[in-house]
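Hi,

Here is the structure we talked about. Please open it alongside this note; my findings follow below.

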There are 2 protein chains.
Amino acid sequence: MTIAEVSKKYELTPDTIRYYEKEGLIPKVPRNKNGIRNFDEESCAWIEFIKCMRSAGMEIEILKKYVELYWKGADTVKERKELLEEQRTRLLKKQQDINATLERLNYKIKVYDEIQQGKRKHFMEKP
Amino acid sequence: MTIAEVSKKYELTPDTIRYYEKEGLIPKVPRNKNGIRNFDEESCAWIEFIKCMRSAGMEIEILKKYVELYWKGADTVKERKELLEEQRTRLLKKQQDINATLERLNYKIKVYDEIQQGKRKHFMEKP
DNA sequence: TATTGACTTAAAGTTAACTCCAAGTGGTAT
DNA sequence: ATACCACTTGGAGTTAACTTTAAGTCAATA
């Protein structure tokens, strides 16, 4: 698979994919004789994994650390598990923040609805 | 309330609070005769609101837009409601991304647990 | 009176995560 | 053969959201 194909498949720009490789988030992608990347299953699996983690806002540095530990092998299982648990904690916190904000947005939208329908006075609205 | 007190209350640095004011996320804070900020209820309410929205990752520019509309008054109710609805949609998407990532993290952590307990071979693990 | 400490400002600096650019290579279509 | 196109690189540029810095004001304390 060429970088253009992978780019389309995962909706990441070629630049972003090359950046991920340069940063070590993806193992070195195989090349043809002209030095052009030829993505295999493993490369794609990593891209998909990184994309998922990034979509939740996990930091590049953390992912780099995880990938580094992964390549060190069996000795790092404990450390990797701890890293993932820490990230899970972070995401659970983030989820709560978003939930709280969503509730607030829902309330405000409801209030605006009532104002629009004349059920409520505009000047009674607060930040 | 001084900026130091507000800073402690909302766990935002004084610099961040001044930055928010400069950017127009908070209405102009009242000052004493020496030009020192004296935060009133309204200022605090705005800070609290902005903090909540920011904690969910809502952008400064969007919040600036919302605040601007707010000060324009009743004419902008429809536009404000639409803005908030758009942000709600964004947050719902983000929530889904985080949920998907959390599920994946849970699975991986479980796998690492099983490896640690010798129930699973390390080399069978994938990205 | 001198200094301490909390406040003020405008403007420059930082960080993360891309994103773009310029210059170059090689395979293919006209 | 020549032009085109997708790819390559290192490195510079961008953006958001702060964060730091330098220089200054004022009230209270030693």
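A polar contact here is a pair of N or O atoms within 3.5 Å. Keep in mind that this is a predicted model.

DNA contacts

A:Asn34 makes such a contact: an N or O atom of its side chain is 3.2 Å from a phosphate oxygen of DNA strand C. A:Ile60 uses a polar backbone atom instead, 3.3 Å from a phosphate oxygen of strand C. For B:Arg18, a polar side-chain atom lies 2.7 Å from a phosphate oxygen of that strand.

B:Arg18 is also among the residues that come nearest to DNA strand C, along with A:Tyr20, A:Arg54, B:Arg31 and B:Arg37. There are 16 residues around the strand. By class, six are nonpolar, four polar and six charged. H2(A) gives the largest share, four residues. On the DNA side, 80% of the strand C atoms within 4 Å of the protein belong to sugar or phosphate. The rest belong to bases.

Aromatic rings

The structure holds 12 aromatic pairs over all chains. A:Tyr70 and A:Trp71 form an edge-to-face pair, 5.0 Å centre to centre, with 85° between the planes. A:Tyr70 is buried, at 12% relative accessible area. A:Trp71 is partly exposed, at 45%. Both belong to one aromatic cluster with A:Trp46, A:Phe49 and A:Tyr66.

Lysines over rings

The charged end of B:Lys108 sits over the ring of A:Phe49, 5.1 Å from its centre. The charged end of A:Lys108 sits over the ring of B:Phe49, at 5.2 Å from the centre. B:Phe49 itself is buried, with a relative accessible area of 1%.

Best wishes

How values were computed:
Residues numbered from 1 in each chain as written. Chains lettered and ligands numbered in written order. Predicted model: local features only at pLDDT ≥ 70, side-chain atom pairs only at ≥ 80, totals over all residues. Heavy atoms only, no water. Near = heavy atom within 4 Å. Polar contact = N/O pair within 3.5 Å; in protein donor to acceptor, adjacent residues only side chain to side chain. Helix = DSSP H or I, 4+ residues; strand = E, 2+ residues; numbered from the N terminus. Nonpolar A, V, L, I, M, F, W, Y, C, P; charged D, E, K, R; others polar. Phe/Tyr/Trp six-rings, centres within 6.5 Å; stacked < 30°, edge-to-face > 60°. Buried < 20%, exposed > 50% of the residue type's maximum accessible area, 1.4 Å probe, protein only. Lys NZ or Arg CZ within 6 Å of the ring centre and 35° of its normal.
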